Every structure is written in C-alpha cells, then in structure tokens.
Amino acid sequence: MSEDTISVPAQWRAQHPTTPHIVSLLDYHALYNESIQNPSAFWSKQAKELLSFTRDFHTTNTGSLENGDNAWFVGGGLNACFNCVDRHAIQDPHRAAIIYEPDNPADESRVITYSELLRHVSQLVGFLRERGVRKGNIVTIYMPMIPEAVVAVLACARIGAIHSVVFAGFSAEALRDRIQDAKSTVVITTDEGRRGGKTISTKRVVDEAARECPEITTLLVYKRTGADIPWMAGRDVWWDEELKRYPAYTPRKSWIQRTTCSYFTHPDRLESRKDTAGYLLGAAVTGKYVFDIHPEDRFFCSGDIGWITGHTYVVYAPLALGCTTVIFEGTPTYPSHTRFWEIIQRHACTHFYGAPTAFRLLKRSIEKKDLQNIDNSQLRVLGSVGEPIAPEIWKWYYEFMGNENAAVTDTYWQTETGSHIIAAYAGVTPMKPGSATLPCLGIDLAIIDPVSDEELKGNLVEGVLAIKQPWPSMARTIRGNHDRYMDSYFNVYKGYYFTGDGAFRDQDGYYWIRGRVDDVINVSGHRLSTSEIESALIEHASVAEAAVIGVPDELTGQAINAIVSLKNNHMTETIERDLVVQIRTTIGPFAAPKKVLVVQDLPKTRSGKIVRRILRKMLTGETEFGDTSTATDPSVLGEILKVISCV
Ligand code: WTA
C-alpha cells in the first residue's frame, strides 16, 4: 500500500463494545467477490437476513442495465415501516428510536422509543387514510428536522403512499412546482421552524405555495413554536389536536403489500423511483457493513431529510437496523462552533456523518483548546458525504472530531444510487485521506475513457465512473419520464450505469472522485442543476440569456457564477442584486449565485448553444481556452474577459 495510507487505529477493535460485523480486509474481499460473482445468491441471502418480508420473493432480480428494466425481489412483499418500526417495537419496545436535539441547546431534547414511534406513526396513518391518502398517492412534507418529519415519512411508507420531502430551504415557488408535479392533496408542515437561532416560516411558505395548488384539501400543521399564524378553516388542521383521535395501532391488511415505490425530489425536479425492498436493503447493508451499525448504537447524521443523505441515513438505515437515530434541528455553528461535539457528547453518539463543507467552515474557527472539555471517546465511526473531501480536511476531521480513535469513511454515492457506492468499511479498510477507497458490496465499478468510450482496465487509470452490474437500491425510473432516465444513465455508455463523475483508480485500486463531468453544480454539498438556475434567471424580465457555471470555492466546494446578457442591453444599477433575489425566491437561498456578471453577449456555437466550457475556463483563470473557432463571434470573448477582470 502507498505511504499515504492510514491503518485503522490499533485500539479500534479492542475498544469495540461488541464485535464488528466484518473483522478483516480479507473478509471484506471474500464478501465482495461473492457479491460480484453471484449477485443473486448474495442479495437474496442479505435480504432474508436483514429484512422481514410478508411474502417471499420468487426471483431476486431481473432485467439489465442495457435495457434499464431492473426489478428486485420480484413476487415478494414487505412494508418499509414495519421493517423500521414494528419489528423493533415488538422486540425491544423501550429502545430509543429517535433522539431529537433542538436548535437551541437550552431547550429540552426528546427521546422517542420504538413503541412510542409506532404509536405516533399509527395515529398519523389513521388520519391520512381518513383524508383519503392511499397507496401510490404522493404526500408532500415540508418540515424542519424534528421527529415528526420522520413520523410523517414512515406513515407514508406504512400506507404505501409516496413521500415527497421538500427541503425546508426551498422557496414557495419551488415548493409549489413540486406539489403540483406530485398532485398532492395532503401537505404536512409546521407553524414555524428554528434553525441557527433564526425562525423559518414554514407555514407561510406553504400557504403561499398552496395559493396555486387548489388540489390541496388538507394541510396538517405540527405546532413547533406556537407562533400566531394565518389559518384556513376546513383545510388546516393541528397535528396535536387531530391525531389523538386515532388508534395507537393500525394493523391493516392493506399494509401487507407488494414491493412498492419510494419517491425523492431532486433539485432539478428529477424524481427517482426505487423498489422499496431494494432501497431498504441498500440502506441496511451499507449501514451494517460500511458504518458497522449495531442496535446499541446512537447514529448521528447531520444531513437534512429533504436530501437523499437524510432519507437513507437519518431514517431508513438506522431504523431498519434498529439503532437510535439522532436528529438535529440546527446548524453546526449555533450557538457556537463546537455544537457538533457537544451533541455527540450529550447523546453519547457512536457515529457521526456530515459534509466537508461544514468541516471546512469549522476547521477555520476551532482550536484544540476549544475541545479540551469534550469527551467523545465513544465515537467509533466518522462519515463524510456529498463532495470530495480534501486530504487536509480529512486529516483535520480524523484528528479533531475523532481524536485519531474513530474510523473515517468517505462515502461516495448519489440520490440515484440510493445508498453508498464507494466507501471505506469502518474498522476494516485501510484509509487514505481524500480517497473514497474501495467499492461497496455488490457494486461493480468501471472507469471509462470518455474519448474512446472504452473501459480502462487495471490500476492507475482516470476517466468517467460507471457501474457494470445492477444493485438493489438503484433508481428504477424517473417518474413520468423513462426516456430521460435511459438517456441520462444508460444510453451514455451501453451496458453501464453512468454516474456523471470523473474518477481515478490508483496503484492500490483505490478510487479518487474528481467531481462532476456534467452540468451539475455542488455547492456546500447541495446538488443543483445549472438548468434550473438558468431558467430562474431567464424568467426575469430583463434577462436575454444566461449561463450558470460552478467554479471552485474554498469554503463551499463550488460556487455559482451566473453570466447573463440583457434584453436590449438594458443595464440597471441594481440588476446583479435583483438577479440574486430572483434565484433566492424561485429556488431558495442555498442556490444564490456568488457572482453575477453582466455581458453584452455569450459565446455560442453556430447552432446557438452557449459554450459553457469556454466560460468555465475564463472564470477559473485559465488562459488557454481550447478550440474557440466554434464560437459565433470571437470578439465576445474579449469583452467577457474584461468584465471578469473588473469584478
Ligand atoms: C458528489 C449525495 C466525492 C458526486 C449523496 C455525486 C461526492 C453527487 C461524494 C451526488 C464523495 C457525493 N466524494 N463526491 N464522498 N458524495 N458526491 O445526489 O458528484 O445529492 O455525483 O447525493 O455528489 O449528489 P446527491
């Protein structure tokens, strides 16, 4: 192994409270080989071990990547909520399912046991069913990170309804589009939320969105702050008042169902569907083997459940495995930069899972002495997700959060993959700061040369990352647009799933993710599509054309730069600010551009396509632009360079 390798801390295994699920790298390789050589047998065994089916499946999987028609556990039936709640409530009713850490540390935290969780979920199921929610309907959830958000997700799963969790940072317009797409008749929210000491007006945003969603018949509101809020009698109902009328247990025949679908909203409104059993198995297998989760563990994932990280690793993985999920309503810097450490100490967390963007921010302001009274010795595993983690940030994380005692796993995956694709197996895989390390069980990776379209075999190769074999938690379609699903993922390289990321495989077979090779921008771990931001800009009355480019940024990973030309070149003094506001209101504050550049014209190909490649090079300070002969008018480049150098 190369010298940058850090082996698992010697005391890791000795201090383990029980026994790790995989004990050696050899065991990992043996399991991995089995999973690739005989995937059906491997996944069938894992499914039977980790999930409870109400009806056995007759076929583990069918279909191919080439045809985009994969199906898992065919003929089988299970209920995701039963798997995440009932079976643990039966076996160990008093075990904590959720520990809630409120935004303000002075407020009381709450512990919800598995039996309490079952009661809450059952009551909400009773309510939703009475309001007409059935299997296959889509319920929209717009909530802060509180236990009721998890209850809402699980209640949908129990009915077989589809949950569309919209991150509570999205604007009313973005929420409106998602409610309309989903045709939701029921929306669940809170009166307000609290984040980083600030109030978020969730109900007000939903009210605004709902003005153009006449199909909404029920708005269920959980009282989080008790603020005075507008109320629409007939439509709006209080969670606390209403739910207590329903039975605390709902054993319905209808929740014994075939494998059904889950639903995820993407920033670009790409909605991916997965097999429920396949998705849940991906969550459970990675939770068990990558994170080494045991039922006694307290797993703290700081992701929001509006994004895939929260779906899989706040809700489904820890609860399917019957441990305790710690959910945090606030931000890493409120009221102080040591908040994560305090939460980990207070709730004796065994796992922490976060994003490099937060680590970069914290690294700037935390000194060793700030942490001297913290005892986090029970912390066993640290995860990183959402973007590449630079080696110096990795080392800081290992040292400052884990005291060089915990295993670090940099987990590479995507919304579409449902669960981890490349990650170090905690306590097993020798770590390399900056590398996501080795493939997860059942994931057959390929690096493809983007010029020749050939797969590059062996080590020391760089290209685009693809997957050669189906896996259970993969998205099976894009709702209402299967062609787009095929074109984005399967028609790029026939027989492969295309990730959209570039990667390097080093001399030890370790993977290093280089970032997106397409038009996806990753700001602070939030995945944004350039086209959604560009559409928002073009909606502004003065904008003629817009191009959105992601440029490297020290703090946020990438930052958005918007380059626009104006109708009749009509410049106003406030245009840059107006366009930032435009994006904040159409999408949300997290998508606001760092820079807006107004130019006379954008470089285009003869067929009129904006040449983003050249703009990206200009914005990152490169002086060689490659072939510029396709640009209609080369003089526009000079003008753009002038504008860039003035900002
Ligand atoms: C990026 C988030 C490097 C990558 C789970 C991917 C990463 C996109 C990592 C998916 C990582 C995620 N190292 N890059 N550990 N994790 N990415 O769908 O570009 O929000 O394609 O899912 O994030 O973002 P998404």
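A polar contact is a pair of N or O atoms within 3.5 Å. The legends below use the term in that sense and refer to a predicted model.

**Figure 1. Polar contacts of the ligand with Arg527, Arg516 and Pro388**. An oxygen atom of the ligand and a polar side-chain atom of Arg527 are 2.5 Å apart. The side chain of Arg516 has an N or O atom 2.6 Å from an oxygen atom of the ligand. At Pro388 the partner is a polar backbone atom, which lies 3.5 Å from a nitrogen atom of the ligand. Of the 520 Å² of accessible area that the ligand has on its own, the protein covers 96%.

**Figure 2. The shell of residues around the ligand**. The ligand is surrounded by 17 residues, the closest being Asp410, Thr415, Asp501, Arg516 and Arg527. By class, the shell consists of six nonpolar, six polar and five charged residues. Two or more shell residues come from each of helix H11 (308-320), strand E18 (407-411) and strand E24 (511-516).

**Figure 3. Position of the ligand relative to the domains**. The domain assignment divides the protein into domain 1 (34-410), domain 2 (447-516) and domain 3 (520-646). The ligand lies between domain 1 and domain 2, because both give residues to the shell around it. Taken over C-alpha atoms, the centres of domain 2 and domain 3 are 28 Å apart.

**Figure 4. The second largest cavity and the residues nearest its centre**. Three cavities of 30 Å³ or more are present in the structure. The second largest holds about 80 Å³ of space. Its lining is made up of 13 residues, and those nearest the centre are Trp43, Thr286, Ser419, His420 and Leu441.

**Figure 5. Origin and class of the residues lining the second largest cavity**. Helix H10 (residues 276-289) provides three residues, the largest share of the lining. Domain 1 (34-410) and domain 2 (447-516) each contribute at least three residues to this lining. Eight of the lining residues are nonpolar and five are polar, with no charged residues. The shell around the ligand, by comparison, includes five charged residues.

Notes
Residues numbered from 1 in each chain as written. Predicted model: local features only at pLDDT ≥ 70, side-chain atom pairs only at ≥ 80, totals over all residues. Heavy atoms only, no water. Near = heavy atom within 4 Å. Polar contact = N/O pair within 3.5 Å; in protein donor to acceptor, adjacent residues only side chain to side chain. Areas by Shrake-Rupley, 256 points an atom, 1.4 Å probe, with all protein chains shown as cover. Helix = DSSP H or I, 4+ residues; strand = E, 2+ residues; numbered from the N terminus. Nonpolar A, V, L, I, M, F, W, Y, C, P; charged D, E, K, R; others polar. Domains from an automatic or database assignment. 1 Å grid on protein atoms, 1.4 Å probe; cavity = no way out; pocket = protein on both sides within 12 Å on 5 of 7 lines; lining within 4 Å. Points joined across faces, edges and corners; volume = space filled by probe spheres on them.
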